[in-house]
Amino acid sequence: MTISITGELETKLIIQIAEGLQAITPQQSYVSALDFQWANTLVTNLTDDANLKIDRYLGDDGIPKFIYSCIHEKYVAGRNRIKITKDIPLISQLPDTTAISLARHIVHSLKMLPLRYRLTMALPAQFSEPILDKVDDRFLFPSNICIARPTALPYTLTVHANDPLIDQSLFTDLFDDDDGETNRDLDSQRYYFSMPMNGFAVRSSSTPLGRAFEDNIRAFYGAGLATKLFSYGYTKSAKALPYIMIHSEPTNELLATEKIEDDLQKNEFRFGTVDFMKRQSPGDSFAFSKLLNTISTIFNDDTDCRKLHTACIWFYRATINRRPLDSLLESTIAIEVMLGDRKVSEGIGLSNLLGNRCAFLLGTSSGARHQIMNNFQTIYKLRSNIVHEGRHSLQKGDRNIVNLALRMCASIIARELVIRAKPTS
């Protein structure tokens, strides 16, 4: 899985990075990834396989961010960080190094990608408060994913970093006039979603690692919405905890934070568990555990479960989308991901294939299946008007069709979850 850069390619890359480092003279009393934009040209000489992996682990502007992060980690982070002085060549300000030796260190680090991390974020108070002390403190999912209260997490996550910027983003309210630190402990009244991932974490910057983690959260939320685990929930004590924590594995050092994307923050009220818990008998935690176990199948590493995982992301997007026609398109994408088959559809047409599969998956009688087929054709007729004729505004009856598409998508996801959760004989 490591990135292969050897021989002449490695030597050339080291020289190019060293030359780039020698040319940097900070114009401010700090350096940033913008000072390393020249590094974007370095990938042109690498192999296709190396470029594919670099793009996967580092994303846009990945090499500049990577070089910046290596220098930041080595010389700027921590309590003994150096002070950058403007108008003086950068390499002359870095102690005990030369451009060539630093370039070798950067290339060696690049070749070691991907690195192993554990990413963790707090689930909404609306999720946590109704289940506190009523269900287990920890739920284990496939791929070493867990949902747990802080004391039940697989590792005791450190909450102090060597970088004051990370501490500030996690534990200081930047908009508080007091500028005082908040409690430096994880919130004991919250459940946290935590999972190991491979990639590369850049301090306090958006990365493919963070975006992939957020898609796992979206998939979990989508599955929960489809199975009615979630409903609208409100709490007076709700407090936004808007950062992902990124720890190294296995050393458990707090290395980076990432700001959670707005859609996950602004829609926290949708993920309440209060109605689900009200439907259960007092003291009965089995139904909650059973449903979480069913939902956890989206994290299994097989083709069908990966498709279901993707469909849950699209259903989540469809549910939170305030534009009804966009919501319908996202619902039908989710359905196509689960039930579509391009080769089979070439003979009978995609809408006929999907309609039949929906009918036989959900219908419990011939009459019910016939109604589902009719409903599906109605949904796809509106979809066709949007996609092929450019419909962009609601007409009479459209909102009912959109709601019909959301309900059908949710029913398919819920049914597929049950099927995938059943043990194979």
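A residue counts as buried when its relative accessible area is under 20%. Keep that cut-off in mind as we walk through this structure, which is a predicted model.

Let's start with strand E1, residues 115-122. Of its 8 residues, 6 are buried, so the strand is largely enclosed by the rest of the structure. Which strands pair with E1? One partner is strand E4 (residues 192-199), which runs antiparallel to E1 and is joined to it by 8 bridges. If you look for Arg116, you will find that its bridge partner in E4 is Asn198. Strand E5 (residues 243-248) also runs antiparallel to E1, and here 4 bridges make the connection. In that pairing, Leu119 stands opposite Ile246 of E5. While you have the strands in view, here is a general point: in a regular strand the side chains alternate between the two faces of the sheet.

Now turn to helix H5, which covers residues 99-111. How far apart should its ends be? With 13 residues and 1.5 Å a residue, the helix should span 18 Å, and its end C-alpha atoms are indeed 18 Å apart, so expectation and model agree. The buried residues of this helix are Ala99, Leu102, Ala103, Ile106, Val107, Ser109 and Leu110. Looking down the axis of H5, you would see these buried residues fall within an arc of 160°, which means that they line one face of the helix. A general rule helps you picture this: an α-helix has 3.6 residues a turn, so residues three or four places apart point the same way.

Next come the charged side chains. Side chains of opposite charge can pair when their charged atoms come close. A search of the whole structure turns up 18 salt bridges. Take the one between Glu258 and Arg211, whose closest N and O atoms are 3.3 Å apart. This pair links distant parts of the chain, since Glu258 belongs to strand E6 (residues 254-259) and Arg211 to helix H8 (residues 208-226), 47 residues apart. Are these two residues buried or exposed? Both Glu258 and Arg211 are buried.

A second salt bridge brings together the side chains of Arg218 and Asp215, with 3.0 Å from N to O. Both residues lie in helix H8, 3 residues apart, which is about one turn of the helix. Arg218 counts as buried because its relative accessibility is 7%, whereas Asp215, at 30%, is partly exposed.

A third salt bridge joins the side chains of Glu330 and Arg317, at 3.9 Å from N to O. It too links distant parts of the chain: Glu330 sits in helix H13 (residues 324-339) and Arg317 in helix H12 (residues 303-320), 13 residues apart. Glu330 has a relative accessibility of 10%, so it counts as buried, while Arg317 is partly exposed at 36%. Elsewhere, salt bridges that share partners tie Arg211, Glu214, Asp215, Arg218, Glu258, Glu261 and Asp263 into one network.

Our last stop is Ser327, which also lies in helix H13. Why does Ser327 count as buried? Its relative accessibility is 2%, and buried means under 20%. What does Ser327 touch, leaving aside its neighbours within four places in sequence? Ser327 is in contact with Ala318, Asn321, Val402 and Leu406.

Conventions
Residues numbered from 1 in each chain as written. Predicted model: local features only at pLDDT ≥ 70, side-chain atom pairs only at ≥ 80, totals over all residues. Heavy atoms only, no water. Helix = DSSP H or I, 4+ residues; strand = E, 2+ residues; numbered from the N terminus. Expected span 1.5 Å × (residues − 1). Buried < 20%, exposed > 50% of the residue type's maximum accessible area, 1.4 Å probe, protein only. Arc of directions from axis to C-beta. Pairing = 2+ DSSP bridges. Salt bridge = Lys/Arg side-chain N within 4 Å of Asp/Glu carboxyl O. Contact = heavy atoms within 4.5 Å.
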